[in-house]
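Student: I'd like a close look at one part of this model: its buried interior. Walk me through what goes into it and what stays outside.

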Amino acid sequence: MNNNLQMMHDLIQKQPWDADILEKIQKLIDAEPNVAIKRMMGMSLSAVIIKMNNSNNKV
């Protein structure tokens, strides 16, 4: 597996998430040279953002 992708996967699997998880994921995406993997990582970043927003909106 790609190293940046593996590191991102490890970050996402570690619960609870660190406060700076979005910045860490973005740095991994920026460092990824493969455009297809970069797009896949971007979709995972979006999923993390959505999950964070959903958990913050619960009453």
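Tutor: Let's get one term straight before anything else: helices (H or I, at least four residues) and strands (E, at least two) are DSSP runs, numbered from the N terminus. You're looking at a predicted model, so local features need pLDDT of at least 70 and side-chain atom pairs count only at pLDDT 80 or more, while totals for chains, interfaces and linings use all residues. Residues are numbered from 1 along each chain as its sequence is written, and side-chain values use heavy atoms, with hydrogens and water left out.

Now the overall picture. The chain has 3 helices and 0 strands, giving the pattern α-α-α along the sequence. Its C-alpha atoms fill a box of roughly 40 × 20 × 15 Å along the principal axes. Of the 59 residues, 24% are buried, where buried means under 20% relative accessible area, exposed over 50%, and partly exposed in between (1.4 Å probe, protein chains only).

The part you're after is the largest nonpolar core, meaning a set of buried Ala, Val, Leu, Ile, Met, Phe, Trp, Tyr and Cys residues joined through side-chain atoms within 4.5 Å. This core has 12 residues: L5, M8, I12, W17, I21, I25, L28, I29, I37, M41, L45 and V48. Two or more of them come from each of α1 (3-13), α2 (21-31) and α3 (35-56). As background, nonpolar side chains tend to be buried together in soluble globular proteins.

Take α1 to begin with. Its buried residues are N4, L5, M8 and I12. Those four sit on the same side of α1, because they cover an arc of only 100 degrees around the axis (the arc is that of the directions from the helix axis to the C-beta atoms). That buried side packs against α2 and α3, with contact meaning heavy atoms within 4.5 Å. Flip to the face turned away and you find N3 and Q13, both exposed.

N4 deserves a second glance. This residue of helix α1 counts as buried because its relative accessible area is 13%. Beyond its neighbours within four places in sequence, N4 touches L28, A31, E32, P33 and M41.

Follow the chain out of α1 and you reach the loop to α2, which holds P16. The peptide bond joining Q15 and P16 is cis, with omega about -10 degrees.

Then comes α2, which buries I21, I25, L28 and I29. Here too the arc is only 100 degrees around the axis, so these residues share the same side of α2. Among the things covering them are α1 and α3. On the other side of α2, K27 and D30 are exposed.

I21, in helix α2, is buried because its relative accessible area is just 1%. Setting aside neighbours within four places in sequence, I21 makes contact with L11, I12 and M52. What about I21 and L5? They are 16 residues apart in sequence, and their C-alpha atoms lie 14 Å apart.

Over to α3. I37, one of the core residues, is in contact with N2, L5 and E32 once neighbours within four places are left aside. For an outside view, pick R39, which is found in helix α3. R39 counts as exposed because its relative accessibility is 62%. Its C-alpha atom is 13 Å from that of M8, although the two residues are 31 apart along the chain.

Step back to the whole chain to finish. Among contacts between residues at least 6 apart in sequence, 48% join residues at least 24 apart. The chain exposes about 4300 Å², with carbon and sulfur atoms supplying 57% of it; accessible areas come from the Shrake-Rupley method with a 1.4 Å probe, and for residues only the protein chains shown count as cover. As for charge, there are 7 positive and 6 negative side chains, and the centres of the two sets lie 5 Å apart. In that tally, Lys and Arg count as positive and Asp and Glu as negative, while His and the chain ends are not counted. Each charge is placed at NZ of Lys, CZ of Arg, CG of Asp or CD of Glu.
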